[in-house]
Protein chains: 2
Amino acid sequence: MTTSTYPPTSRTTPTRLRERVAYDREAVHAALDEAVLCHVAFVADGAPVVLPQLHVRVGEALYLHGSTGARAMRQSLEDGLDVCVTVTHLDGLVLARSAFHHSANYRCVVVHGRAVLLTDPAEKDDALRHLVDAIAPGRSDHVRGPSRRELAATAVLRLDLTEVSYKSRSGPPGDDEEDLASPWWAGVLPLRSAVPGTPEPAPDLTPGIEVPAHVSAWSRG
Amino acid sequence: MTTSTYPPTSRTTPTRLRERVAYDREAVHAALDEAVLCHVAFVADGAPVVLPQLHVRVGEALYLHGSTGARAMRQSLEDGLDVCVTVTHLDGLVLARSAFHHSANYRCVVVHGRAVLLTDPAEKDDALRHLVDAIAPGRSDHVRGPSRRELAATAVLRLDLTEVSYKSRSGPPGDDEEDLASPWWAGVLPLRSAVPGTPEPAPDLTPGIEVPAHVSAWSRG
């Protein structure tokens, strides 16, 4: 049975600022779904590597998209790949009266686990549809689907959401009592990300094709 | 002598899409400076971990900020910590006529190296000043500086910019010739990040303190 929280493990239990950590599935799902990209870390030749990737969450699975030529994807072809996937939303700058209490308001999801390469063509096809819809919801009905050759050239990894933590900070700065009367302005500067501009049609677009609603009304967060 | 590019190494040489990779110092500096946060990957107990952190670039050094209680910081207390630091700017969604050619426009800097903990108080004090100014330029003149106790509780890591790559994509979708006449809209939806909202004064702010220019005129990118 699925509970409403992810069970904590040693590596999802923080060593500090415990009050900022939670395991709530709903909050995790919302943060993952709002993000257009994630950062995927893996170990290559003993050293850490972290790269941005497009992702989509479907239920309790996270699908990651890459080329079969990419280093991480080649490593994972056989046994799967130990990864850490992190999604971070920067919600604001926390400007305190003291240098020490400067911070950021954020929401951050960290997922640990072994990513496995999809081999079942139906699951892969389905995941790719979800990946296109993650870029712009509804988009997969407005594209030419992948050919067999394209499917073969695309690698999709699945990472199950089992070892997951959610860390966040919100609200005003937490200055020390003795600094409250100081002459400095303190507060939060809210920040928004993934703010869409005006759609730019491809230069070779057939004249007369209107910008579809999934593009003109695109928004996130 | 400093050249205008970072010398490529085996791990900063891509296995695919070579045309998207560069080593230009100016582009790397600009992308690092525009970003409010980076993602820092390291290996803990053999497994990859990636976490967001605030950073600042000073010349050819990147300073990373954390608490001495944090796991990564404790690991690095002695010999330094092998890290990969990645900064990603998502500039737009690339909506192609084919599912396969969907992509993102982005700029991404990847730095590999060993981060070392600052021990010299003067360098640490200086780095913290830069870190505060990285949050909001000029801010360090409008705060109470760190006490000795606060300095001791703050860990700053330095990572020299020696093994660095810059990857980017820009421009319209790259659809296949045979898809150009298809009925689907294709183009780019530009995205902006770190778009500031209205400053929110701390609830306990002394009345009469105006929002300073480094907050009201804050912008990035």
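**Figure 1. Strands of the two chains pair across the contact in this predicted model.** Strand E10 (residues 195-196) of chain A and strand E9 (residues 187-192) of chain B run antiparallel and are joined by two bridges. Strands (E, at least two residues) and helices (H or I, at least four) are DSSP runs, numbered from the N terminus, and two strands pair if DSSP finds at least two bridges between them. Within this pairing, Pro196(A) stands opposite Leu191(B) in E9(B).

Residues are numbered from 1 along each chain as its sequence is written, while chains are lettered from A and ligands numbered from 1 in the order in which they are written. In this predicted model, local features need pLDDT of at least 70, side-chain atom pairs count only at pLDDT 80 or more, and totals for chains, interfaces and linings use all residues; side-chain values use heavy atoms, with hydrogens and water left out.

**Figure 2. The rotation axis relates chain B to chain A.** A turn of 180° with a shift of 0.0 Å along the axis lays chain B on chain A with an RMSD of 0.0 Å (least squares on the C-alpha atoms of residues with pLDDT of at least 70 in both). The two copies are therefore related as by a two-fold rotation axis. In chain B, the residue that comes closest to this axis is Ser193(B), at 2.0 Å (C-alpha). Both copies use the same surface, since 100% of the contact residues of chain B recur in chain A.

**Figure 3. Chain B and chain A meet in an interface.** The contact (heavy atoms within 4.5 Å) takes 90 residues from chain B and 90 residues from chain A. About 7500 Å² is buried between the chains, 65% of it from carbon and sulfur atoms; buried area is the accessible area (1.4 Å probe) that two parts lose on being put together, summed over both.

**Figure 4. Salt bridges cross the interface of chain B and chain A.** Side chains of opposite charge can pair when their charged atoms come close. The rule (a side-chain nitrogen of Lys or Arg within 4 Å of a carboxyl oxygen of Asp or Glu) finds six salt bridges across this interface. One of them joins Asp204(B) to Arg97(A), with the closest N and O atoms 3.1 Å apart. Strand E5 (residues 81-95) of chain B gives the largest share of the side that touches chain A, eight residues.

**Figure 5. A salt bridge links distant parts of chain A.** Arg158(A) and Glu123(A) meet through their side chains at 2.9 Å, N to O. Arg158(A) lies in strand E7 (residues 154-160) and Glu123(A) in helix H3 (residues 121-135), 35 residues apart. Over all chains, the whole structure holds 28 salt bridges.
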